[in-house]
Amino acid sequence: EKGTYPHYMLKEIEEQPLVIRKIIQAYRNERGELAVDPEIQRALHEADRIYIIACGTSYHAGLVGKHYLEKLAKIPVEVHLSSEFAYQMPLISEKPLFIFISQSGETADSRAVLVKVKELGYPALTITNVPGSTLSREADYTLLLHAGPEIAVASTKAYTAQLAVLAVLAEVIAKSRSRQSGVDMARELGIVANAMETVCGSKDEFEQIAREYLDSAQNAFFIGRTLDYAVCLEGALKLKEISYIHAEGFAAGELKHGPIALIEDGTPVFALATQARVNLNIRGNVKEVVARGANPCIISMDGLAQDGDRFILPEVHPLLTPLISVIPLQYIAYYAALHRGCDVDKPRNLAKSVTVE
Ligand code: M6R
């Protein structure tokens, strides 16, 4: 039930700190350490390459998950859209492990790949919010998101839950492989949950940003680099699916290779700046779009902020910034849709679970 909330989407955005805390609890063993089922641990151990298969928001979570598994667990990862993978399989390594990410566990495009993968005899793990769902039943292993039912068509808390579970998984494998990873993931995720609460406390500011930048916009762009780029794809998807504003996420370094031609006077450009290594680069990219007339809205991280940034996120571990930088983008999409009188929870042409290929 949505209780006092006007929409499920708003409720689900604001449940995110709670969900992260639930995940920390759910993945703790009796010694208080993060752990996963030993069989899942073994399956990851034995894999020489991981293939993440997903659609939509879950695919965007996979893009972030690749960073986690490669940086922490040191396993090479490929991320594929289910609907592409099904008809154009890449070369598969000797000992692959397939990870299906799906909030509903019912997405037909992903299931089509799972059926093929099982025919070929490869091991598969499903990360889903729905115990007993088709993708969970048909895979060898399951990790649950513990996000509680997600009703709004636009996925919000499932995305951050997917990131948290992928971070836990990467950390557990990292520890088991080398006995040290340098990241106390339970602690870092606790910090994330607190930071999420702080960000949710600024929702009036996000409503104001939506009003200022998007109430009369026809297009909007989201730019970022590395992890921020992955979050930009998700921010653009949120905005387009519920507000029907044409929105795109770009790797900021690619602007000069084409997309910058789209910038006109007043075009809203949301820029994420949470990564120290590319902070100067993204600042340069913002200057490039401003020189062409863009209306920039920079969302940066404490410690990397500069004068004129529109919103400053509390500092969290650099790998975990997507869990908090996505929240302003979720709110901005929500308010932009609300201001346009759109049906926020049930956008046109979309279904919560897409059970046709
Ligand atoms: O249930 P799934 O995670 O497999 O769903 C995948 C996509 O259909 C889903 O993420 C979709 O893109 C959402 N509407 C995004 O908000």
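How many helices and strands does the protein have? The count is 13 helices and 10 strands, and the legends below walk through this predicted model.

**Figure 1. The whole chain, seen before zooming in on this predicted model.** Along its principal axes, the C-alpha trace spans about 55 × 45 × 45 Å. A compact globule of 357 residues would have a radius of gyration near 21 Å, and the 20 Å found here agrees with that. Of those 357 residues, 58% count as buried. Take the contacts between residues at least 6 apart in sequence: 76% of them join residues at least 24 apart. The accessible surface comes to about 14,800 Å², with 49% of it belonging to carbon and sulfur atoms. As for charge, there are 36 positive and 44 negative ones, and their mean positions sit 3 Å apart.

**Figure 2. A close-up of S300 in strand β9.** The strand covers residues 295–301. Is S300 buried or exposed? S300 has a relative accessible area of 0%, so it counts as buried. Its side chain isn't without a polar partner: it makes a polar contact with the side chain of D309, at 2.7 Å. D309 also turns up in the list of residues touching S300 once neighbours within four places in sequence are set aside, along with A273, R283, A305, F311, I312 and L313.

**Figure 3. A close-up of I75, in the loop between α4 and β2.** Helix α4 runs over 56–73 and strand β2 over 77–81. Though it's a loop residue, I75 is buried, since its relative accessible area is 1%, under the 20% cut-off. Which residues does I75 touch, not counting those up to four places away in sequence? They are L44, A47, D48, R49, I50, L69, E70, I173 and R177. R49 is worth picking out here: I75 and R49 are 26 residues apart in sequence, yet 6.1 Å apart in space, C-alpha to C-alpha.

**Figure 4. A close-up of T226 and Y244, two residues with positive phi.** Most residues other than glycine have a negative phi. T226 goes the other way, with phi near 50 degrees, and Y244 does too, with phi near 65 degrees. Where do they lie? T226 is in the loop between β6 (219–224) and α11 (227–243), while Y244 is in the loop between α11 and β7 (246–251). T226 counts as partly exposed because its relative accessibility is 31%. Y244, with a relative accessible area of 28%, is partly exposed as well.

Technical notes
Residues are numbered from 1 along each chain as its sequence is written. This is a predicted model: local features need pLDDT of at least 70, side-chain atom pairs count only at pLDDT 80 or more; totals for chains, interfaces and linings use all residues. Side-chain values use heavy atoms; hydrogens and water are left out. Helices (H or I, at least four residues) and strands (E, at least two) are DSSP runs, numbered from the N terminus. Buried means under 20% relative accessible area, exposed over 50%, partly exposed in between (1.4 Å probe, protein chains only). A polar contact is a pair of N or O atoms within 3.5 Å; within protein, one must be able to donate a hydrogen and the other to accept it, and residues adjacent in sequence count only if both atoms are side-chain atoms. Contact means heavy atoms within 4.5 Å. The radius of gyration is taken over C-alpha atoms; the globule rule is 2.2 Å times the number of residues to the power 0.38. Accessible areas come from the Shrake-Rupley method with a 1.4 Å probe; for residues, only the protein chains shown count as cover. Lys and Arg count as positive and Asp and Glu as negative; His and the chain ends are not counted. The place of a charge is taken as NZ of Lys, CZ of Arg, CG of Asp or CD of Glu.
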